[in-house]
Amino acid sequence: MSANEPFTATDHALMARALRLAERGAYTTRPNPMVGCVIAHGEEVVGEGWHVRAGEPHAELHALAQAGARAKGASVYVTLEPCAHTGRTGPCADALIAAGVARVVAAMRDPFPQVDGAGFARLRAAGIEVRDGLMEAQARALNRGWLSRIERGRPWVRVKLATSLDGRSALASGDSKWISGEASRRDVHRWRARAGAILTGAGTVMADDPSLTVRLEDDTPFVPPLRVVLDPGLATVARGRVREGDAPTLYIHAPDAKRPRNLQAQTAHAPMRDGRFELRAVMKLLAERGINEVQVEAGATLAGALFVEGLVDELLLYVAPVLLGERARPLFDGLRIDAMAQRLDLAVVDSRRIGEDMRLLLRPRAAAA
């Protein structure tokens with residue numbers, strides 16, 4: 001098949017299978033990307049696998065182990081360009097060459113600087129047919145967090161909020177337990193599990209005392225996300241459930257904050273302006289720690305500030321069939337919208353009923369464009 005010929009129905013079906021395999025690593029692969037691989041002769045699958053955990057074999061190696069000698073002369077469908085460098089594992093491109101595969105179809109090129117086309121080049125130099133771009137949009141969507149960190153230098157930012165029908169996030173007293181139903185609260189843990197970090201503010205820690213841990217009802221494996229508290233003066237380091245459990249916690253503070261004696265917690269400082277954190281610097285700091293996705297679970301002030309800074313990639317909104325009234329607190333503070341032309345347009349990516357609530361996944365249209 002030449003590079004100009006369209007992909008076949010079999011190509012599409014097997015790449016879709018590889019993408020489904022890749023998604024199985026959603027809770028465990030970080031900071032690495034999710035990758036799936038299928039090895040086949042025509043429509044017959046002889047090996048498949050996915051990357052399970054950082055530091056362990058990549059998807060191609062799992063698939064090659066399953067295929068054994070039948071990998072020779074086969075087509076390989078992989079959701080990301082095979083690596084060509086030695087990290088904690090060896091180059092997958094070399095393993096494919098050694099196995100004698102005939103053809104490699106990749107969903108997308110790997111933008112990681114140590115790969116970025118080198119894997120394709122090594123395969124072609126060995127006489128293997130290489131094609132890429134099959135179902136690339138789906139592959140990019142799957143690894144949106146990892147791609148955000150590699151290409152933009154910051155994590156993918158998801159703001160999670162629960163709201164009443166009249167757009168309120170808490171009573172005037174600050175009480176917000178519980179706007180959403182039990183089914184929605186269980187659903188949130190699935191989203192937490194795929195995040196590298198759960199971000200909140202000191203005000204939320206003091207008002208709500210959240211634990212920000214992942215609690216799944218089944219035995220699905222996951223890597224506990226980092227809990228991050230924006231706390232300029234380190235006022236919350238000695239209080240709250242956010243310090244408890246197996247998940248690590250990081251407190252981000254102002255450069256001039258006084259550290260309490262014998263402080264055991266992880267800390268880092270970020271620049272501030274007019275008494276508030278420079279949120280782009282915060283996100284850069286998290287990216288440098290290998291965080292691909294950040295889930296923000298905070299109040300209206302931080303949620304609004306992230307929108308103002310253009311840092312929100314998606315909004316996870318649970319709409320409960322309740323009314324809280326005009327004295328209740330809004331979803332966002334600080335947006336300062338005075339004309340229709342200034343409004344923030346959001347695209348609905350997904351909507352579904354969760355128990356009695358409606359869950360909306362939305363993305364800013366300007367960012368998507």
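Begin by selecting R144 and E314, both of which are buried; the model you have open is a predicted one. The side chains of R144 and E314 form a salt bridge in which the closest N and O atoms are 3.9 Å apart. Because R144 lies in helix 6 (residues 144-152) and E314 in strand 15 (residues 314-319), the pair ties together parts that are 170 residues apart in sequence. Now widen the selection to R158, R194, E293 and R363, which are linked with R144 and E314 in a network of salt bridges.

Next, select R359 and D187, whose side chains meet in a salt bridge with an N to O distance of 2.9 Å. R359 is part of strand 18 (residues 357-364) and D187 is part of helix 7 (residues 182-194), so this salt bridge ties together parts that are 172 residues apart in sequence. R359 counts as buried at 7% relative accessibility, and D187 is buried as well, with a relative accessible area of 14%.

For a salt bridge in another setting, move to E44 and R70, where the closest N and O atoms are 2.7 Å apart. E44 lies in strand 2 (residues 44-50), while R70 sits in the loop between helix 2 (59-67) and strand 3 (75-78), so the parts tied together here are 26 residues apart in sequence. E44 is partly exposed, with a relative accessible area of 39%, and R70 is likewise partly exposed, at 40%. The count for the model comes to 28 salt bridges. Side chains of opposite charge can pair when their charged atoms come close.

Now turn to strand 9 and select residues 226-230, where five of the five residues are buried. Which residues of strand 9 point one way, and which the other? L226, V228 and L230 point one way, whereas R227 and V229 point the other way, and all are buried. In a regular strand the side chains alternate between the two faces of the sheet.

Keep strand 9 on screen and add its partners one at a time. Strand 8 (residues 197-201) runs parallel to strand 9 and is joined to it by five bridges; within this pairing, L199 has V228 of strand 9 as its bridge partner. If you also display helix 8 (residues 202-208), you can follow the right-handed β-α-β unit made by strand 8, helix 8 and strand 9. Strand 10 (residues 249-253) also runs parallel to strand 9, with four bridges joining the two, and there V229 stands opposite Y251.

For the last stop, select the positions covered by the "binding site" annotation in the unreviewed UniProt entry: A162, W178, T204, D208, G299, A300, T301, L302, A303, G304 and A305. These positions span 144 residues in sequence, and the farthest two C-alpha atoms are 23.9 Å apart, so they do not all gather at one spot.

Within that selection, centre the view on A300, which is found in helix 10 (residues 300-308) and is buried, with a relative accessible area of 12%. Leaving aside neighbours within four places in sequence, A300 is in contact with P330, L331, F332 and D333. Then step along to A305, which also has its place in helix 10 and is buried, with a relative accessible area of 18%. Not counting residues up to four places away in sequence, A305 touches L279 and D333. To finish, display D333 together with both alanines, since D333 is in contact with A300 and is touched by A305.

Note on methods. Residues are numbered from 1 along each chain as its sequence is written. This is a predicted model: local features need pLDDT of at least 70, side-chain atom pairs count only at pLDDT 80 or more; totals for chains, interfaces and linings use all residues. Side-chain values use heavy atoms; hydrogens and water are left out. UniProt positions are given in the numbering used here, feature names are shortened, and annotations may be inferred rather than shown by experiment. Buried means under 20% relative accessible area, exposed over 50%, partly exposed in between (1.4 Å probe, protein chains only). Contact means heavy atoms within 4.5 Å. A salt bridge is a side-chain nitrogen of Lys or Arg within 4 Å of a carboxyl oxygen of Asp or Glu. Two strands pair if DSSP finds at least two bridges between them. A crossover is right-handed if, with the strands pointing away from the viewer, the path from the first strand over the helix to the second runs clockwise.
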